[in-house]
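Trainee: Could you take me through how this chain is divided up, and then how that fits with the rest of the picture? I'd like a close look at that one part.

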Amino acid sequence: MPKEQGRKAIATNRKARHDYSIVDTYECGVVLMGTEVKSLRAGRASLVDAFATVDDGEVWLRGLHITEYEMGTWTNHEPRRNRKLLLHKSEILKLIGKTKESGLSLVPLSMYFKDGKVKVELALAKGKKSWDKRQALAKKDAEREASRAMGRWAKGRRD
């Protein structure tokens with residue numbers, strides 16, 4: 001059987017980019033059980049309430065929901081168990097310093113298969129205030145309206 005290559009998305013956390021301003025991103029491996037991987041291959045995961053913490057020099061992903069594998073037996077996994085993330089020691093030390101000193105959070109942005117292995121894109125993020133969110137939405141709406149107006153103008157429908 002040929003080895004998998006490339007990147008295949010499993011789940012994304014679209015709300016994270018709306019609620020947080022991203023400072024830095026890291027690619028992490030995840031310690032999983034066999035039935036979890038089978039469930040992920042079916043695309044059954046949710047990053048909605050997920051977050052990461054650093055405890056005793058290890059990074060843990062909490063709140064990630066991976067649906068139980070339908071064909072699993074008594075060896076099936078618990079859907080919301082804590083999962084260990086795999087990072088280099090230097091990256092973990094950086095994360096410890098950043099999260100303690102400046103009040104940044106660790107938020108998973110996406111989960112994907114990379115060359116057959118499950119990876120999580122973890123972001124070091126700072127929470128946005130409500131006015132930041134409104135400002136970002138207003139900017140996005142203005143850009144969309146400008147691009148629509150340019151499209152109408154290019155087609156000759158000048159209003």
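Mentor: Start with the split: the protein chain is divided into domain 1, covering 7-128, and domain 2, covering 130-158. This is a predicted model, by the way. Now look at where those two parts sit: the C-alpha centres of domain 1 and domain 2 lie 34 Å apart. Keep that in mind when you look at the outline of the chain, since its C-alpha atoms fill a box of roughly 65 × 45 × 25 Å along the principal axes.

Next, trace the backbone. You'll count four helices and nine strands in the protein chain, and along the sequence they follow the pattern β-α-β-α-β-β-β-β-β-α-β-β-α. The radius of gyration of the protein chain is 20 Å, well over the 15 Å that the globule rule gives for 159 residues, so the chain is more spread out than a compact globule.

What about contacts? Take those in the protein chain with a separation of 6 or more: 68% of them come from residues 24 or more positions apart.

Now for the outside. Of the 159 residues of the protein chain, 30% count as buried, meaning under 20% relative accessible area. The accessible surface of the protein chain comes to about 10,500 Å², and carbon and sulfur atoms hold 52% of that surface. As for charges, the protein chain has 34 positive and 21 negative ones, and the mean positions of the two sets are 4 Å apart.

Terms used: Residues are numbered from 1 along each chain as its sequence is written. This is a predicted model: local features need pLDDT of at least 70, side-chain atom pairs count only at pLDDT 80 or more; totals for chains, interfaces and linings use all residues. Side-chain values use heavy atoms; hydrogens and water are left out. Helices (H or I, at least four residues) and strands (E, at least two) are DSSP runs, numbered from the N terminus. The radius of gyration is taken over C-alpha atoms; the globule rule is 2.2 Å times the number of residues to the power 0.38. Buried means under 20% relative accessible area, exposed over 50%, partly exposed in between (1.4 Å probe, protein chains only). Contact means heavy atoms within 4.5 Å. Accessible areas come from the Shrake-Rupley method with a 1.4 Å probe; for residues, only the protein chains shown count as cover. Lys and Arg count as positive and Asp and Glu as negative; His and the chain ends are not counted. The place of a charge is taken as NZ of Lys, CZ of Arg, CG of Asp or CD of Glu. Domain bounds come from an automatic or database domain assignment.
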